[in-house]
Amino acid sequence: LAVPGVRPEQADGFARALLGSACGPDDGRRTAALVGWLLERAALQGHTALDAEAVRAALAERAVSDPEEAVRNAVEEGVALVFQEGAEAGFDEEPEAPAEGEEPETPEPVQVLLGLDRYALAEESLADGLARLMNACEKGADWAEAAAAAPSPSAAELIRTTATAGLVAHSGGEAARAEPAALIAAARGLGLRALGATHSEDGRRRLADAVGSPDAAVTLAGLLSGTEGPGRDEDGALALDLLVVLDAPQLDVEGAAVLVEALADGVRLVLSGDPGVLGSAGAGRVFADVLAARACPQVVSRTPDPGPIGELVSGIGIGELTQVEAPGKEVVIVPVRDAGEAVHRTVQLVADSVPRAFSIPATETQVITVGHGGAAGTRVLNEALKQRLNPGPGRFGGFDPGDRVIHVPAPGRAVPGVVRSADAEGLHLECGGVPVVVPQERVESAVRHGWALSAHQAAGMRWPAAVVVLPGDAAAGLSRPWVYTAFGRGERHLSVVHGVDQALPHAVAQIPAQERTTRLRPLLEALPTPDAAS
């Protein structure tokens, strides 16, 4: 089961063929492997831990006769760690009997969680690191003059708050991104080594433009790898006084732990993002847990997103799908009857309608759909868009020069690019103006056509125009965060190819973000930090 793609049924068949009657459903090796597989699968859905009761139920569904013993065995074998939320008792401890004449105490409810050690260590390291930053920074810095010169009241509030805290959480929509930019500019004006880090190259460019300095922003991946940013000091820490992380909802717990560990004592950290967007591709919900724990000062932007698209997306964020006035056709709804018509109309919009009506070329229009499969998923849409926009034989592993692609250098990272050429070295791409060579053996797994993306891939990026495709079979994949994220990717124009009828308003009103089981929030709430009460 540790082999990627192998399911329990296949592993059982292999074990029976190899061991015969020497193995059975309750074999300790099988049950321990099943617990690990369940926790790994949960991590792919964003969880860093699972309720032990849910694990026992899943084991029972897979013919394990004693799920309680199977869980206990997995813990003893080191496959999983056990945590109890709400009590100090150990895994095997029974409550003490009351003394004679005393009423027995009602035990506090206890949630028993199971988790993999990699995520447990990451969450504990992250909580300790955030507490260190909160305690180590200078609290009495005077940035009043910089705050007075801020371009908006919300930017001024962010500057004043950051001057007094080592960790700050800042939330707001797309227009609110100007506030972290103002903070970085103000801090640099005070002589501090201030830097912004974003999830994508597109976000980096937008932040650098807003600050007015090309070296004021980096991608988070580039900062951690050392290919971007100021480098490390003699102790191995990032040479910074202030780091502002935009697109904070895209931070998974392992990445956040590595980032915080790289920050020296005294560095100020601002986590900034839009709580309404889809969460990280990796396990954890770092930004949401920091907000929920109220472990640090929080600044909520009062800057609304402008225009009809901003009005539409703001309503979605509070569960309302309203019709907005769009005199310049900033928002257009295109009804379709089936997936075939959805694909046809999407190609028509990208190739003809949007360029003609808004002077936005096809290269600056992004198609977003619910999933990769299906009759109008990214695969089918990309095939149709390639035939219309850049037809060719696909002689380089299915790609031709001029193809729009998405490069996935690591899980959870999607980097848009264009194919330039190919040779013995591999496939040559241009990603955000930077040449990238993908080795031949990695092309199949790391490069996909990119005219159409999923909303998860598009998170943290924006385009002049977005075409969101909702065929009938997409209804099951819709949720409020999905719609909020997808509809917010267009800056000047949004077309919605709409074939899901009432499933769209239902998703916005009734289907909130899927809850992720994590331990970071209680870890932060338990920390004795000076800022915990603020």
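At the start of helix H2, a side-chain oxygen of Asp-27 lies within 2.8 Å of the backbone nitrogen of Arg-29 in this predicted model. The helix itself comprises the 17 residues from 28 to 44, and its first and last C-alpha atoms are 25 Å apart, a span close to the 24 Å expected at 1.5 Å a residue. After H2 comes Gly-46, for which phi takes a positive value near 105 degrees.

Residues that are buried in H2 include Arg-30 and Thr-31, together with Leu-34, Val-35, Gly-36, Trp-37, Leu-38 and Leu-39, and, further along the helix, Ala-42 and Ala-43. The cover over these buried residues includes helices H1 (8–19), H3 (52–61), H4 (67–76) and H5 (117–136), to which strands S1 (50–51) and S3 (111–115) also contribute.

With respect to the overall architecture, the protein is divided into domain 1 (8–86 + 110–115), domain 2 (118–303) and domain 3 (307–392 + 449–510). The centres of domain 2 and domain 3, taken over C-alpha atoms, are separated by 31 Å, and the contact between these two domains draws on 13 residues from domain 2 and 12 residues from domain 3. About 1000 Å² is buried between domain 2 and domain 3, with 57% of this area on carbon and sulfur atoms.

Polar interactions across the interface of domain 2 and domain 3 amount to 5 residue pairs in polar contact, while the count of salt bridges between the two domains is 2. Arg-462 and Glu-174 form a salt bridge in which the closest N and O atoms are 4.0 Å apart.

Note on methods: Residues are numbered from 1 along each chain as its sequence is written. This is a predicted model: local features need pLDDT of at least 70, side-chain atom pairs count only at pLDDT 80 or more; totals for chains, interfaces and linings use all residues. Side-chain values use heavy atoms; hydrogens and water are left out. Helices (H or I, at least four residues) and strands (E, at least two) are DSSP runs, numbered from the N terminus. The expected span of a helix is 1.5 Å times one less than its number of residues. Buried means under 20% relative accessible area, exposed over 50%, partly exposed in between (1.4 Å probe, protein chains only). Contact means heavy atoms within 4.5 Å. A polar contact is a pair of N or O atoms within 3.5 Å; within protein, one must be able to donate a hydrogen and the other to accept it, and residues adjacent in sequence count only if both atoms are side-chain atoms. Domain bounds come from an automatic or database domain assignment. Buried area is the accessible area (1.4 Å probe) that two parts lose on being put together, summed over both. A salt bridge is a side-chain nitrogen of Lys or Arg within 4 Å of a carboxyl oxygen of Asp or Glu.
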